[in-house]
Amino acid sequence: MKIVNLKVNGVGRTFIARPETTLLLALREQLGLTGAKRGCAQGACGSCTVLLDGQPVVSCLVPAVTVDGSDVATVEGLADGRKLSDVQQAFLDGFATQCGFCTPGMIMSAEALLDRNPNPTRDEVNEAISGNVCRCTGYEPIVSAILDAAERRRAGANL
Amino acid sequence: MTLLRGRGYASVNYPTGMNLGGDPSQALIHATTMGAFVISLSSVDLGQGLKTVVAQCAAETLGMPMENVIVDTADTDTGPHCMGTFASRGTHRVGNAVIMAAREARDVMLAVAADELEVDAGDLETDGTGFVRLKGSPETKIHIADITLAAHFKQGRTISGRGIFLKERNYPVPETGEMDPDSCQAHACTVAEVEVDDETGVVTVLSLHNAYEIGRALNPAMAAQQVEGGGWMGVSHAVFESTEPYYPASRDHGPVDFCEYLMPGPAEIPVQSSVILERPASNGPFGAKGIGEMTANAPIPAIANAIFDACGVRLTTMPFTPESVLRGLDALRA
């Protein structure tokens with residue numbers, strides 16, 4: 001058992017973690033943030049993707065006690081009140097979701113991509129979400145939405 | 001090494017619903033005091049969008065905005081009966097049941113409104129924004145929130161409705177085999193273009209062109225996505241997914257998780273174009289047929305035919321692996 005301090009979506013959170021508590025479990029069960037989903041629980045489906053100090057990680061494989069003091073960003077932290085982030089809005093406008101189970105992970109992978117590469121090619125988008133499995137959409141609307149979000153973000157930056 | 005291109009097509013007609021012991025689904029609807037309509041179902045929305053389309057069916061029938069409809073698919077222990085989500089039956093069966101329930105609730109809603117407005121219910125209409133109004137005299141109107149308050153606190157009535165769709169069991173005619181096993185059939189055709197590498201045997205699906213006749217697309221965006229998402233799954237079945245080589249005899253060597261189970265990712269998707277044709281089915285909700293499962297069907301034989309067109313190898317077992325293509329090419333050269 002260890003006390004873990006995290007900054008989650010900009011807010012300091014403290015909780016007690018057992019050695020086997022994953023970051024995903026802590027987020028969902030202890031901090032009440034259920035956006036990140038538990039799909040395969042072995043790092044293969046990407047539905048639990050969050051940003052850990054800005055890097056996308058599969059939170060089901062991260063022991064919570066190993067990330068004490070880190071910054072964590074989850075899908076819950078993207079919107080500003082009722083105003084969605086550019087990636088979220090692009091997913092909504094482009095209907096890049098069907099059942100929605102992969103969506104939070106897809107969006108966090110997309111956020112990480114656009115943070116480091118504001119002008120990605122289609123191949124770079126494909127690579128960025130290659131760890132995120134979607135069984136509904138056939139990926140095309142998701143890839144298009146991420147490219148659309150990149151364009152919106154660049155347009156916004158130029159204002 | 002040569003990259004061989006080929007094109008093939010396949011078409012499918014697909015039944016909506018099934019024919020075991022009869023195929024019923026039921027729906028209940030009631031108005032809350034605040035003027036919302038709650039649809040109670042046991043039918044499951046596991047991501048296919050059933051809650052959206054039945055809310056559309058209810059809103060259209062009631063003449064109320066979508067925002068006023070709440071779909072509650074809580075619990076098969078306590079909800080109205082539903083056979084389940086399978087056989088591409090949800091939109092058709094549950095949609096019809098919801099329309100029937102909403103019609104009954106609408107009649108009560110108009111009767112309550114008529115008493116409040118002191119007019120004949122037959123002279124009332126809905127305006128789609130939440131008001132019931134007198135035909136030809138749109139200023140004589142009452143909002144649904146006031147209708148439900150009046151029903152609950154003054155008139156002592158429930159605004160509610162019951163709905164069922166039942167496809168009765170049908171038996172074949174012994175002499176001819178003729179029978180009526182389903183309610184309607186949707187139709188589709190897919191043209192696939194592939195590239196076959198004659199050295200490695202790898203099949204790349206370049207494009208899928210889909211045409212679907214689905215009765216009525218209740219939600220065109222969701223229908224289009226079902227067609228293309230299903231197309232992706234068809235590609236996946238055709239050239240990727242397999243529990244081979246040992247399933248089900250042994251689980252010692254086959255894929256056991258997403259790390260080993262091969263699926264196409266975003267870099268392996270074909271270009272898709274899709275056309276939806278609408279020829280309303282007489283017994284469908286607003287003419288809709290089911291298109292859930294069929295969307296993964298046509299791409300598979302279309303891809304098999306395209307492989308044959310590209311390199312002359314006729315494959316009949318999925319998935320069409322590099323090994324099966326190379327063995328086929330060897331047999332042709334022998």
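Start at B:G312, the residue that follows helix α5 of chain B; its phi is positive, near 85°. The model on screen is predicted.

**Helix α5 of chain B**

Step back along the chain and select residues 299-311 of chain B, which form helix α5. This helix has 13 residues and reaches 18 Å from its first C-alpha to its last, close to the 18 Å expected at 1.5 Å a residue. Colour α5(B) by burial: eleven of the 13 residues are buried, so the helix is largely enclosed by the rest of the structure. The buried positions include B:P299, B:I300 and B:P301 at the start of the list, and B:A310 and B:C311 at its end.

What do the buried residues of α5(B) pack against? Show the strands β1 (3-15), β9 (185-197) and β10 (203-213) of chain B, then the helices α4 (220-239) and α6 (322-333) of chain B; these are the packing partners.

Now pick B:I303, one of the buried residues of α5(B). Leaving aside residues up to four places away in sequence, B:I303 touches B:G8, B:A192, B:V194, B:V205, B:A238, B:V239 and B:F320.

**The nonpolar core**

B:I303 also belongs to the next selection. The largest nonpolar core has 128 residues, and B:I303 is among those with the most contacts inside it, together with A:A110, B:I39, B:A58, B:V98 and B:I307. Which element gives the largest share of this core? Select residues 90-117 of chain B: this is helix α2, and it supplies twelve residues. In soluble globular proteins, nonpolar side chains tend to be buried together.

**From α2 to β5 in chain B**

Move on to the loop between α2 and β5 of chain B and select B:G122. Is B:G122 buried or exposed? It is exposed, because only 8 other C-beta atoms lie within 10 Å, and the cut-off for an exposed residue is 12 or fewer. For a distance label, join the C-alpha atoms of B:G122 and B:A111: the two residues are eleven apart in sequence and 8.7 Å apart in space.

Next select B:L124, in strand β5 (residues 124-126) of chain B. B:L124 is buried, because 21 other C-beta atoms lie within 10 Å, and a residue counts as buried at 20 or more. Apart from residues up to four places away in sequence, B:L124 touches B:L110, B:A113, B:A114, B:V119, B:V132, B:R133, B:L134 and B:K135. A second distance label can run from B:L124 to B:S137, which is 13 residues along the chain; their C-alpha atoms are separated by 9.6 Å.

**The two domains of chain B**

Zoom out to chain B and colour it by domain: domain 1 covers 3-16 + 182-333, and domain 2 covers 23-166. How many residues does each domain give to the contact? Domain 1 of chain B gives 16 residues and domain 2 of chain B gives 13. On the domain 1 side, the residues touching domain 2 of chain B are eight nonpolar, six polar and two charged. The centres of the two domains of chain B, taken over C-alpha atoms, are 39 Å apart.

**Chain A**

Hide chain B and show chain A, which has five helices and five strands. Followed from the N terminus, the elements run β-β-α-β-β-β-α-α-α-α. The radius of gyration is 15 Å, close to the 15 Å that the globule rule gives for 159 residues, so chain A is as compact as a globular protein of that length. The C-alpha trace of chain A spans about 45 × 35 × 25 Å along its principal axes. Of its 159 residues, 47% count as buried. Among contacts in chain A between residues at least 6 apart in sequence, 59% join residues at least 24 apart.

Colour chain A by domain as well: domain 1 is 2-77 and domain 2 is 86-157. The domain centres of chain A, over C-alpha atoms, are separated by 21 Å. The contact takes 15 residues from domain 1 of chain A and 13 residues from domain 2 of chain A. On the domain 1 side, β3 (49-52) and β4 (55-58) of chain A are the elements that give two or more residues. The largest share, three residues, comes from β3(A). By class, this side divides into seven nonpolar, seven polar and one charged.

**Where the chains meet**

Show both chains again: 20 residues of chain A are in contact with 17 residues of chain B. On the chain A side, select helix α5 (residues 140-157) of chain A, which gives the largest share, three residues. The chain A side holds twelve nonpolar residues, seven polar and one charged.

Note on methods:
Residues are numbered from 1 along each chain as its sequence is written. Chains are lettered from A and ligands numbered from 1 in the order in which they are written. This is a predicted model: local features need pLDDT of at least 70, side-chain atom pairs count only at pLDDT 80 or more; totals for chains, interfaces and linings use all residues. Helices (H or I, at least four residues) and strands (E, at least two) are DSSP runs, numbered from the N terminus. The expected span of a helix is 1.5 Å times one less than its number of residues. Two residues are in contact if their C-beta atoms, placed from the backbone, lie within 7 Å. The radius of gyration is taken over C-alpha atoms; the globule rule is 2.2 Å times the number of residues to the power 0.38. Domain bounds come from an automatic or database domain assignment. Ala, Val, Leu, Ile, Met, Phe, Trp, Tyr, Cys and Pro count as nonpolar, Asp, Glu, Lys and Arg as charged, and the others, Gly among them, as polar. A nonpolar core is a set of buried Ala, Val, Leu, Ile, Met, Phe, Trp, Tyr and Cys residues joined through C-beta atoms within 7 Å.
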